[in-house]
Structures are given as C-alpha cells and as structure tokens.
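Me: I'd like to get better at reading local features off a model. Can you walk me through a few, general idea first and then the case here?

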Amino acid sequence: MSAVPLRNNKLAAADIRSVTVLGATGSIGDSTMDLIRAAPERYRVEALTANSNVEALAKLAKEFSARFVAIADSTKLGALKAALAGTSTECGAGESAVIEAGARPADWVMAAVSGAAGLKPALAAVDRGAHVALANKECLVCAGDFFMQRAAKAGACILPADSEHNALFQALSSGNRDELVRVIITASGGPFRTWKSADIEQATLAQALKHPNWSMGQKITIDSASMMNKGLEVIEASYLFALSPDEIDVLVHPQSIIHGMVEFSDRSVVAQLGAPDMRTPIAHCLGWPDRIKGPAAKLDLAKIGQLTFEAPDFERFPGLRLAYDSLRTGKGATTVYNAANEVAVAAFIAGKIRFGAIARLVEATLEDWIRGGNQAPMTSADDAINVDHVSRNRAAALLPQIALKAS
C-alpha cells in the first residue's frame with residue numbers, strides 16, 4: 001500500500017500545482033477540466049491529450065494555455081498544428097507523444113485514457129514520482145502487480161479517482177492496515193437489478209444503457225448492467241490496497257449514496273457518502289492532501305429518505321463471480337477477463353450476441369487461457385499488452401460458437 005498514501009505534506013495546497021490530463025476530452029477529463037477552470041489561481045496546465053478530437057483538444061489548449069498537447073491519432077497532427085497556429089503550445093501525435101505527455105514535469109496527472117492504450121502514459125507519470133489520479137481501469141486490471149511496484153519504487157502517489165476506490169481510500173485513513181477486516185464496494189445494481197435471469201438474457205442495448213443513477217459512456221454503462229464493472233473494481237481494489245479477494249465484498253446499494261465502506265477489527269465500519277457525481281472523487285484527488293471546494297450537489301439525506309442494501313446475485317450476474325475467479329487465478333487472468341469483456345461488449349453493441357452471452361464469452365476465454373497453460377507473471381507493460389492482444393484474438397475466435405449457444 002506504500003504507493004497509495006494516506007496523507008503527506010509533499011505538495012502543499014498553497015503551491016500552484018502543475019497538472020497534466022491524459023484523456024482531457026472524455027467524461028473524466030471534462031470533469032477534471034471543469035474543476036481546474038473553477039480555480040485558475042491554483043492550477044497550471046502542463047499537458048493535455050485526446051484520442052482523435054482535435055477541435056476539443058485545441059479549444060482546451062487555448063483556454064488553459066497548455067504547454068504541450070498530444071493527439072493519439074497520428075493522422076491528425078497536421079490538423080492539430082493548424083488549430084493551434086499562433087500559440088506557444090507544442091504539439092505531438094501518436095503513442096509516443098501521449099507517453100511524452102505523461103512524462104512531462106507536472107506535479108499531478110489525471111490518467112483517464114481508456115483501454116490498454118492508457119497504460120504506458122500512466123507509467124511514464126508513475127516512473128517520475130508524480131501524483132497520479134488513476135481513472136484508467138486497465139492500469140490495474142491488466143498490470144496491477146508491476147504497476148503498483150513501479151509506483152512504490154519511484155515514490156509516486158496513486159490517488160484513486162473512481163468513486164468507489166476513492167471512497168475506500170478516504171475510509172482507510174481511519175485505521176491501520178493490520179486493523180482492517182474487509183472493504184465493501186457498493187454497486188447500484190444497474191438497470192437489471194430486479195430482473196429475472198431469462199429477461200436479462202434477452203435484454204436489448206437500449207435497456208442496458210438506461211442506468212438508474214449515473215450518466216456514463218456506453219461501454220461502462222453496459223458493464224454496470226452486467227456487473228462486470230463491479231468485477232473490474234474488485235480487481236482494482238485488490239491491487240490498489242494490497243487486499244486478498246476474501247477481504248473485498250460487494251454490496252448492492254441502489255441509491256448510490258454510500259460509495260464504499262471499510263470494516264476494522266473493532267467492528268467499526270467507516271463509510272464515505274456523497275451525491276452520485278464524479279466531480280467529488282476527482283476533486284478529492286485534485287486537492288489531495290487537502291480538500292478543495294467541489295461543485296457537486298449538497299447531500300440531503302432527509303430528502304433521500306432511506307438507503308437500502310442487498311447481497312449481490314452471482315447467479316444472475318456471473319460476471320462478478322468471474323472477476324473473483326480471475327483474481328484468485330492470477331498470472332494474467334485478470335487481463336484476460338478485461339480483454340474478453342471488451343470483445344463481448346463490442347459484439348453485443350453490434351448485435352452479434354445476446355446480453356447474457358457477454359459473461360459466457362468471458363468465461364470461455366478464461367477457461368481457454370487456463371487450459372493453454374499461458375499463465376506467467378507479467379513484468380512490463382509490453383507483457384500486459386501482449387496478453388491483452390492474445391486474449392482479444394481468442395475471444396473473437398470463440399465468439400461464433402458462444403453466439404449460437406442458448407443460456
């Protein structure tokens with residue numbers, strides 16, 4: 001847990017904090033830039049990146065006088081340079097430029113590039129000992145062991161930006177590691193929380209995208225509907241906080257007000273609460289080790305009236321069970337879990353498989369991986385990316401037979 005500190009004085013709140021936002025034009029990036037916009041006297045923008053949205057990236061670069069910007073799509077470099085003509089902002093394109101953005105001398109880095117493409121830029125920030133607010137699941141799901149080892153070695157501070165992990169991060173400060181009994185990650189249950197298995201099997205894309213509490217991108221909303229997203233969060237929590245699978249529980253909490261809890265040896269349970277707004281955990285990371293003013297709505301528990309809880313159903317939502325299985329298997333299995341899920345979700349969106357087949361494809365890919373004896377410790381980003389690539393190919397090969405199978 002050394003790379004996930006509880007509190008220090010390395011960076012005083014009074015200092016002007018230089019920041020880099022990897023994935024500045026996505027939803028997490030939007031929220032981050034909104035917070036920086038609200039306190040221009042506290043923050044200076046070092047670097048910004050985007051996947052392919054030149055117009056949005058250039059607009060942000062001009063507004064915040066960014067020193068460097070990178071577009072992942074190398075074919076867009078000319079357009080980016082044209083859009084920033086007359087400014088002092090340096091431009092780059094392609095993977096190497098996005099990695100360079102992570103390596104630039106910023107005090108604080110938001111790692112919000114989605115997918116395996118976010119791993120190397122985040123490691124570039126980690127390796128120079130930066131404060132890294134982590135919103136990229138793949139950094140931990142695909143490469144958790146060596147990612148956290150590298151962070152500890154470099155003296156980097158990993159600040160969890162997801163609402164659930166940020167909640168645990170805050171609650172963990174109430175006790176010592178040897179006093180911890182378990183952590184509890186809450187889940188809304190998604191749109192299918194009360195549905196029968198047969199109905200979940202046949203759920204449409206439109207139904208899967210109707211999340212009751214959160215406004216998120218298409219992929220993560222579908223993951224929430226299948227509870228694969230909660231499975232990914234279990235894996236992340238294990239690596240972030242050096243927890244065994246048996247020290248992590250999931251509790252369905254439909255109101256999404258309590259985001260995480262920690263139980264200690266005296267049976268005290270410490271919880272973090274807040275309105276469902278991603279700007280709250282991002283603000284906590286942006287201001288850490290102190291707190292800044294956040295724009296989220298004030299929590300009115302009297303108006304909410306009641307908070308309810310349910311045990312997760314591993315039968316109706318097998319994706320959550322598979323996350324625990326892959327975590328216990330180790331040696332690349334969590335990377336396989338994530339890669340196969342991404343292939344499955346893309347196939348569901350394209351109408352190639354039923355909703356219920358998402359978990360079946362993930363399970364088949366994991367079983368194939370284990371039978372093949374491919375498990376080996378991963379020691380580099382390239383190792384993780386290779387396992388990710390192989391797993392995607394295997395999941396794609398298994399897709400036709402999974403599509404034909406009934407639930």
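Me: Let's start with helix packing: at what angle do α15 and α17 pack?

Reply: Axes here are lines fitted to C-alpha atoms, for helices over the stretch in contact, and angles run from 0 to 180 degrees between N-to-C directions. Helices (H or I, at least four residues) and strands (E, at least two) are DSSP runs, numbered from the N terminus. In this case, α15 (residues 318-329) and α17 (residues 357-371) pack at about 20°, and their axes are 10 Å apart. Angles under 35 degrees count as roughly parallel, over 145 as roughly antiparallel, 65 to 115 as roughly perpendicular and the rest as oblique, so α15 is roughly parallel to α17. Keep in mind that this is a predicted model: local features need pLDDT of at least 70, side-chain atom pairs count only at pLDDT 80 or more, and totals for chains, interfaces and linings use all residues. Residues are numbered from 1 along each chain as its sequence is written, and side-chain values use heavy atoms, with hydrogens and water left out.

Me: Is the crossing of α15 and α17 left-handed or right-handed, and which residues make the contact?

Reply: A crossing is left-handed if the near helix is turned anticlockwise from the far one by less than a right angle, and right-handed if clockwise. This one is left-handed. Contact means heavy atoms within 4.5 Å. From α15 come Pro318, Gly319, Arg321, Leu322, Ser326 and Thr329, and α17 supplies Ala359, Val362, Glu363, Leu366 and Ile370. They split into six nonpolar, three polar and two charged residues (Ala, Val, Leu, Ile, Met, Phe, Trp, Tyr, Cys and Pro count as nonpolar, Asp, Glu, Lys and Arg as charged, and the others, Gly among them, as polar).

Me: Next, cysteines. How many disulfides does a search of the whole structure find?

Reply: A disulfide is a pair of cysteine sulfur atoms within 2.5 Å, and the search turns up zero. Take Cys142: the closest cysteine sulfur, in Cys139, is 8.5 Å away, too far for a bond. For Cys157, the closest is in Cys285 at 11 Å, again too far. Buried means under 20% relative accessible area, exposed over 50%, partly exposed in between (1.4 Å probe, protein chains only). Cys142 is buried at 4%, and Cys157 is buried at 5%.

Me: What about backbone oddities?

Reply: Most residues other than glycine have a negative phi, and most peptide bonds are trans. Here, Ser256 has a positive phi of about 55°; Ser256 sits in the loop between β9 and β10 and is buried at 6%. Arg267 has a positive phi of about 75°, lies in the loop between β10 and β11 (269-273), and is exposed at 56%. As for peptide bonds, Trp288 and Pro289 are joined by a cis one, with omega about 15°. Pro289 belongs to the loop between α13 and α14 (301-304).

Me: Which residues does His253 touch?

Reply: First, place it: His253 is in the loop between β9 (248-252) and β10 (258-264), and His253 is buried at 0% relative accessibility. Not counting residues up to four places away in sequence, His253 touches Thr186, Ala187, Ser188, Ile258, Leu307, Thr308 and Phe309.

Me: And where is Arg279?

Reply: Arg279 is in helix α13 (residues 279-287) and is partly exposed, at 22%. Leaving aside neighbours within four places in sequence, Arg279 contacts Ser31, Asp34, Leu35, Pro295 and Ala296.
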